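Here are my notes on the model you sent round. They deal with the packing of side chains in the interior.

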Amino acid sequence: MTPLEFRPRLDLAGLPFWVLAGSYGVLAAALCCSLATWAISWVAAAVLFSVLVLVIAAVFARTFRRTRILVGSETVAYINASRRSAVLNRSQLVRMIAIDRLRGSLPGGVLMLVAADGSRLGAAHWLWGQGVLDQVVAAVADDRVALERRPSAGQLELLREFGVDPAFKQRPVIYTAVLVGAVAVGVLIAWPIVTTLL
């Protein structure tokens with residue numbers, strides 16, 4: 001059987017995508033304005049902002065172009081923009097959960113497929129429109145695994161229920177570097193405020 005292939009589409013992107021993209025734009029603007037007040041000129045800040053917006057747009061374009069979900073008779077595979085894949089054996093699937101809203105994060109939810117060993121696939125609403133996710137659910141659901149729907153869930157609830165995502169365990173250095181980078185950007189944005197108060 002040829003696997004069914006599902007791809008995200010920018011033309012179907014809904015509110016969660018535009019909120020996320022807008023948040024990145026606002027964050028880039030805040031970073032550049034902060035740097036312009038104490039480290040670089042306003043012209044350099046404008047150039048840096050333009051570069052950051054182009055980089056963000058390129059990352060989003062690459063993500064939409066390369067990401068896909070393949071549903072076969074025996075496996076479900078999620079291939080991300082870096083061509084890394086996570087594969088679950090359909091006979092090992094124990095739960096399929098649609099969460100409409102992740103509390104403590106930007107608007108949008110996630111579809112999670114969970115295997116007996118704790119490995120999982122997640123498809124976030126900002127990337128996958130609800131229509132595409134409904135098609136994925138229809139392709140995966142069978143008499144063993146039916147869709148569970150939750151209106152909302154918090155990060156701690158998910159951690160208690162499912163444990164640490166195996167993806168974090170496989171690449172802890174990458175995830176740690178992203179967190180450190182986020183903290184560094186926060187410090188750079190807050191620096192003028194902190195120096196003013198001191």
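The points below take the nonpolar cores, the aromatic pairs and one helix in turn.

1. This is a predicted model, and the points that follow should be read as descriptions of that model.

2. The largest nonpolar core has 29 residues. Those that touch the most other members are F6, I69, V76, L111, L113, W128 and V140. Two or more residues come from each of α1 (15-38), α2 (42-66), β2 (68-71), β3 (75-79), β5 (93-99), β7 (110-115), β8 (120-124) and α3 (130-140). The largest share, six residues, is that of α3. In soluble globular proteins, nonpolar side chains tend to be buried together.

3. V140 deserves a separate look. Apart from neighbours within four places in sequence, V140 is in contact with V71, V76, R90, L93, M96 and L113. A second core, separate from the largest one, has nine residues, among them L102, V110, A153 and F162.

4. The count of aromatic pairs is nine. One of them joins F17 and F64 edge-to-face, with 5.3 Å centre to centre and 90 degrees between the planes. F17 lies in helix α1 and F64 in helix α2, 47 residues apart, and the pair thus links distant parts of the chain. Are these rings buried or exposed? F17 has a relative accessible area of 4%, and because the cut-off for buried is under 20%, F17 is buried. F64, at 8%, is buried as well.

5. Y78 and W128 form another edge-to-face pair, at 6.0 Å centre to centre with 65 degrees between the planes. This pair also links distant parts of the chain: Y78 is in strand β3, W128 is in the loop between β8 and α3, and 50 residues separate them. Y78 counts as buried because its relative accessible area is 15%, and W128 is buried at 0%. W128 is also listed among the core residues that touch the most other members.

6. One aromatic cluster is made up of F17, W18, Y24, F60, F64 and W126. The F17 and F64 pair, which bridges α1 and α2, therefore sits inside this cluster.

7. What length should α2 have, and what does the model give? At 1.5 Å a residue, its 25 residues should span 36 Å, and the end C-alpha atoms are 36 Å apart, so the two agree. The buried residues of α2 are A45, F60, T63 and F64, and they pack against α1. F60 and F64 belong to the aromatic cluster as well. An α-helix has 3.6 residues a turn, so residues three or four places apart point the same way.

How values were computed:
Residues numbered from 1 in each chain as written. Predicted model: local features only at pLDDT ≥ 70, side-chain atom pairs only at ≥ 80, totals over all residues. Heavy atoms only, no water. Core = buried A, V, L, I, M, F, W, Y, C linked by side-chain atoms within 4.5 Å. Buried < 20%, exposed > 50% of the residue type's maximum accessible area, 1.4 Å probe, protein only. Helix = DSSP H or I, 4+ residues; strand = E, 2+ residues; numbered from the N terminus. Contact = heavy atoms within 4.5 Å. Phe/Tyr/Trp six-rings, centres within 6.5 Å; stacked < 30°, edge-to-face > 60°. Expected span 1.5 Å × (residues − 1).
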